[in-house]
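Thanks for coming. I will talk through one structure, and I will put it on the screen now so that you can follow along.

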Amino acid sequence: MTHDELMALPVTVTLETANRALMIGRTTGYSLAKRGMYPVPLLPGRRGYVVSRYHLHRYLGAAAEPSAPGAAE
């Protein structure tokens, strides 16, 4: 998945899309989810798990962390 694709993701994505973003194979991704060992938090969806864009960006280092109040700029 390219950086532009990653930044254009909707608020939540399917486990399949999250696997692609994290470069995890389909079988491995579903196995990790089933065992509770997926690298980012999973949310229950209508037809399986979903992953928030926020957690994907944060895990991959693509999210900008808000600066702390009073921090030097």
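Setting aside neighbours within four places in sequence, Leu42 is in contact with Leu15, Ala33, Tyr49, Val50 and Val51. Please keep in mind that this is a predicted model. Leu42 itself is found in the loop between H3 and E2. Is Leu42 buried or exposed, or something in between? It counts as partly exposed, because its relative accessibility is 24%, and buried would need a value under 20%. Leu42 can also be placed relative to Thr14: the two are 28 residues apart in sequence, and their C-alpha atoms are 9.8 Å apart in space.

The loop between H3 and E2 also holds Tyr38. Tyr38 has a relative accessible area of 9%, so this residue is buried. What does Tyr38 touch, if residues up to four places away in sequence are not counted? The list is Leu15, Ala18, Asn19, Leu22, Ile24, Gly29, Leu32, Ala33 and Val51. Leu15, Ala33 and Val51 are on that list, and they are also among the contacts of Leu42. For Tyr38 and Asn19, the separation is 19 residues in sequence and 9.6 Å in space, C-alpha to C-alpha.

Now the sheet. It is an open sheet of three strands, in the order E1-E3-E2, and the pairing is antiparallel. Which strands are at the edges? They are E1, residues 12-14, and E2, residues 43-45, and each of them pairs on one side only. From one strand to the next, the twist averages 45 degrees. As a general point, strands of a sheet pair through backbone hydrogen bonds, in either a parallel or an antiparallel sense. Here, E1 and E3, the latter being residues 48-52, pair in the antiparallel sense over three bridges. Thr14, which came up earlier with Leu42, stands opposite Val50 in E3.

Next, the helices on the sheet. H2 packs on the sheet and touches E1 and E3, and its direction makes about 95 degrees with that of E1. Helix H4, residues 53-60, lies across E1 and E3 as well, running at about 60 degrees to E3.

That leaves the charged pairs. How many salt bridges does the structure hold? There are two.

In one salt bridge, the side chains of Glu5 and Arg20 meet at 3.5 Å, N to O. Glu5 is in helix H1, residues 3-7, and Arg20 is in helix H2, residues 15-22, so the pair links distant parts of the chain, 15 residues apart. Glu5 counts as partly exposed because its relative accessibility is 36%. Arg20, at 45%, counts as partly exposed too.

The other salt bridge is between the side chains of Arg26 and Glu16, at 3.3 Å, N to O. Arg26 lies in helix H3, residues 26-34, and Glu16 lies in H2, so this pair ties together parts that are ten residues apart in sequence. Why does Arg26 count as exposed? Its relative accessibility is 54%, and exposed means over 50%. Glu16, at 38%, counts as partly exposed.

To go back over H2: this helix packs on the sheet, holds Arg20 of one salt bridge, and holds Glu16 of the other. That is what I had; I will leave the structure on the screen.

Definitions and conventions:
Residues are numbered from 1 along each chain as its sequence is written. This is a predicted model: local features need pLDDT of at least 70, side-chain atom pairs count only at pLDDT 80 or more; totals for chains, interfaces and linings use all residues. Side-chain values use heavy atoms; hydrogens and water are left out. A salt bridge is a side-chain nitrogen of Lys or Arg within 4 Å of a carboxyl oxygen of Asp or Glu. Helices (H or I, at least four residues) and strands (E, at least two) are DSSP runs, numbered from the N terminus. Buried means under 20% relative accessible area, exposed over 50%, partly exposed in between (1.4 Å probe, protein chains only). Two strands pair if DSSP finds at least two bridges between them. Axes are lines fitted to C-alpha atoms, for helices over the stretch in contact, and angles run from 0 to 180 degrees between N-to-C directions. Contact means heavy atoms within 4.5 Å.
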